[in-house]
Amino acid sequence: MSEPLLSVENLKTQFFTEDGTVRAVDGISFDVHEGEIVGLVGESGAGKSVATSSLLRLVESPGEIVGGEITFKGRTLFGLEEDASGELRPRDDMLSEEEMRREIRGREIAIIFQDPMESLNPVFTVGGQLREFIELNRDLSEKEAKREAIDMLREVGIPAPETRYDEYPHQFSGGMRQRVLIAMALACQPDLIIADEPTTALDVTVEGQILEMVKELQTKYDTSFIWVTHDMSVVAEICDRVNVMYLGEIIEHATVDDLFYDTKHPYTRALLDSMPRPDETVHELNPIEGVMPEAIDPPAGCRFHSRCPDAREVCREVHPEPRDLADEGEPTHRAACVKYDAFDVGYDESRPIEGDAAGGFGAGLTRTGGEE
Ligand SMILES: Nc1ncnc2c1ncn2[C@@H]1O[C@H](COP(=O)(O)OP(=O)(O)OP(=O)(O)O)[C@@H](O)[C@H]1O
Ligand code: NI
């Protein structure tokens with residue numbers, strides 16, 4: 001396989017709060033190849049948004065990237081090294097803030113957020129904002145930029161783009177605003193677009209239309225995407241490969257087909273069981289019980305053990321790093337779960353955890369009244 005477009009190694013981002021250090025992103029590694037849509041999926045608070053804003057170095061105080069390496073097209077977006085006294089400092093080849101702003105953000109890597117009103121200014125027309133963005137980033141004249149802006153609005157399926165050009169954001173529906181943001185993201189023909197739950201607030205029909213359009217545009221422009229979502233049906237719809245996040249870590253990585261049909265990690269299993277699936281006529285859904293623990297003081301061992309139906313004593317002790325469990329010649333399929341032989345830490349001999357997972361996965365069924 002060719003060199004990845006983006007490669008992320010052991011990325012760690014923390015927030016230094018009064019209550020303690022929030023380990024929002026705690027050592028994740030993944031890559032994105034040219035022309036791929038890579039999913040980042042997980043429950044609220046898993047660290048998806050912090051991970052994606054880290055890629056563009058947009059994490060704000062009290063947050064900070066504290067470790068790892070981010071490489072994009074051979075350039076170091078983030079990287080640390082130890083100086084003579086053992087202190088960590090940015091590597092010489094790490095891009096400056098100025099370079100990030102002028103060369104990377106928007107131009108090479110664009111980001112689309114869930115709430116379009118965060119990115120669109122309500123007091124300027126939609127077309128004006130799009131035109132200005134294009135003008136700034138692509139060295140086009142005002143007139144050329146305007147033509148390009150109208151073309152882009154048409155491209156993302158906005159009817160009568162010449163008229164809509166002069167309208168204000170509030171005159172657009174939620175779905176249409178999201179289309180405008182996609183136009184803006186595409187306007188500089190970036191190699192990578194990060195989409196942070198851009199369709200979550202929309203109704204399912206509009207969401208479906210937008211996903212369909214993104215797939216078409218993706219084929220046309222060969223843009224790569226990182227698609228952030230908590231919704232497995234969106235993953236199924238749009239992604240080539242998926243990373244599943246839980247409490248700051250990527251606990252499973254696979255192609256979409258393998259993730260759905262050869263699920264390895266119990267957390268991924270639980271996520272899938274908690275959602276309706278178009279390909280299965282099971283009507284009973286099992287919500288994942290319990291809540292994700294705090295990222296300030298993550299549990300020892302496997303972070304999912306308190307909610308996991310397969311948890312054994314060893315899961316409290318051993319903290320598994322993802323390992324490739326794929327058969328030889330098959331696409332990579334990494335999972336961080338010691339129940340697989342590849343881990344060889346004595347799972348089979350270990351005692352199942354009973355009565356530990358108070359409020360944990362399935363607790364409501366198996367433990368109610370089981371206390372006497
Ligand atoms: N500014 C901040 N200060 C302190 N903690 C923060 C801050 N921003 C995020 N966090 C913490 O980082 C962790 C990850 O948050 P993040 O927003 O990345 O989750 P997410 O997976 O994107 O969730 P959602 O699906 O709700 O968007 C959470 O524990 C969150 O509370
Ligand atoms: Ni988020």
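Two strands count as paired if DSSP finds at least two bridges between them, and helices (H or I, at least four residues) and strands (E, at least two) are DSSP runs, numbered from the N terminus. What you have open is a predicted model, in which local features need pLDDT of at least 70 and side-chain atom pairs count only at pLDDT 80 or more, while totals for chains, interfaces and linings use all residues. Residues are numbered from 1 along each chain as its sequence is written, and chains are lettered from A and ligands numbered from 1 in the order in which they are written.

**Stop 1: the five-stranded sheet**

Begin by selecting strand 1 and strand 4, which pair in the antiparallel sense over eight bridges; if you then pick Glu9, you will find that its bridge partner in strand 4 is Glu69. Add strand 2, which runs antiparallel to strand 1 and is joined to it by nine bridges. These two strands, strand 1 and strand 2, form a hairpin with two residues between them, and Thr17 has Gly20 in strand 2 as its bridge partner.

Next, select residues 63-72 and residues 75-82, that is, strand 4 and strand 5, which pair in the antiparallel sense over four bridges. Thr71 has its bridge partner Thr76 in strand 5, and Glu69 stands opposite Gly79 in that strand. Two residues lie between the strands of this hairpin of strand 4 and strand 5, where Lys73 takes a positive phi near 50°.

Continue to strand 6, which runs antiparallel to strand 5 and is joined to it by three bridges, with Glu82 having Leu88 in strand 6 as its bridge partner. The hairpin of strand 5 and strand 6 has five residues between the strands, and Gly86 takes a positive phi near 85° there.

With these strands shown together, you are looking at an open sheet of five strands in the order 2-1-4-5-6, with antiparallel pairing. Strand 2 and strand 6 (88-90) are the edge strands, each pairing on one side only, and the twist averages 25° from one strand to the next (angles run from 0 to 180 degrees between N-to-C directions, and axes are lines fitted to C-alpha atoms, for helices over the stretch in contact). Helix 1 packs on this sheet, touching strand 1, strand 2, strand 4 and strand 5, and its direction makes about 65° with that of strand 2.

**Stop 2: around ligand 1**

Now select ligand 1 and the residues near it (a residue is near if its C-beta atom, placed from the backbone, lies within 6 Å). Here 15 residues surround the ligand, the closest being Ala24, Ser44, Lys48, Ser49 and Val50. Strand 1 (6-17), strand 2 (20-32) and helix 1 (48-55) each supply at least two residues of this shell, and the largest share, three residues, comes from helix 1. By class, the shell divides into six nonpolar, eight polar and one charged (Ala, Val, Leu, Ile, Met, Phe, Trp, Tyr, Cys and Pro count as nonpolar, Asp, Glu, Lys and Arg as charged, and the others, Gly among them, as polar).

**Stop 3: the eight-stranded sheet**

Select residues 37-41 and residues 241-246, which are strand 3 and strand 10; they run parallel and are joined by four bridges, and Leu40 stands opposite Asn243 in strand 10. Both strands belong to an open sheet of eight strands with the order 7-8-9-3-10-11-13-12 and mixed pairing. Its edge strands, each pairing on one side only, are strand 7 (109-112) and strand 12 (323-324).

**Stop 4: two helix crossings**

Two packed helices are described by the angle between their axes and the distance between the axes. Select helix 4 (residues 126-138) and helix 5 (residues 142-155), whose axes come within 8 Å and cross at roughly 120°. Helix 4 and helix 5 are therefore oblique to each other (angles under 35 degrees count as roughly parallel, over 145 as roughly antiparallel, 65 to 115 as roughly perpendicular and the rest as oblique). Among the residues in contact (C-beta atoms, placed from the backbone, within 7 Å), Leu130 and Ile134 are included for helix 4, and Ala145 and Met152 for helix 5. By class, this contact of helix 4 with helix 5 has five nonpolar, one polar and five charged residues.

Finally, keep helix 5 and add helix 7 (residues 174-187): their axes come within 9 Å and cross at roughly 125°, and helix 5 and helix 7 are therefore oblique to each other. Met152, Leu153 and Glu155 in helix 5 meet Ala183, Leu186 and Ala187 in helix 7, a contact with five nonpolar, no polar and one charged residues.

Technical notes: Contact = placed C-beta atoms within 7 Å.
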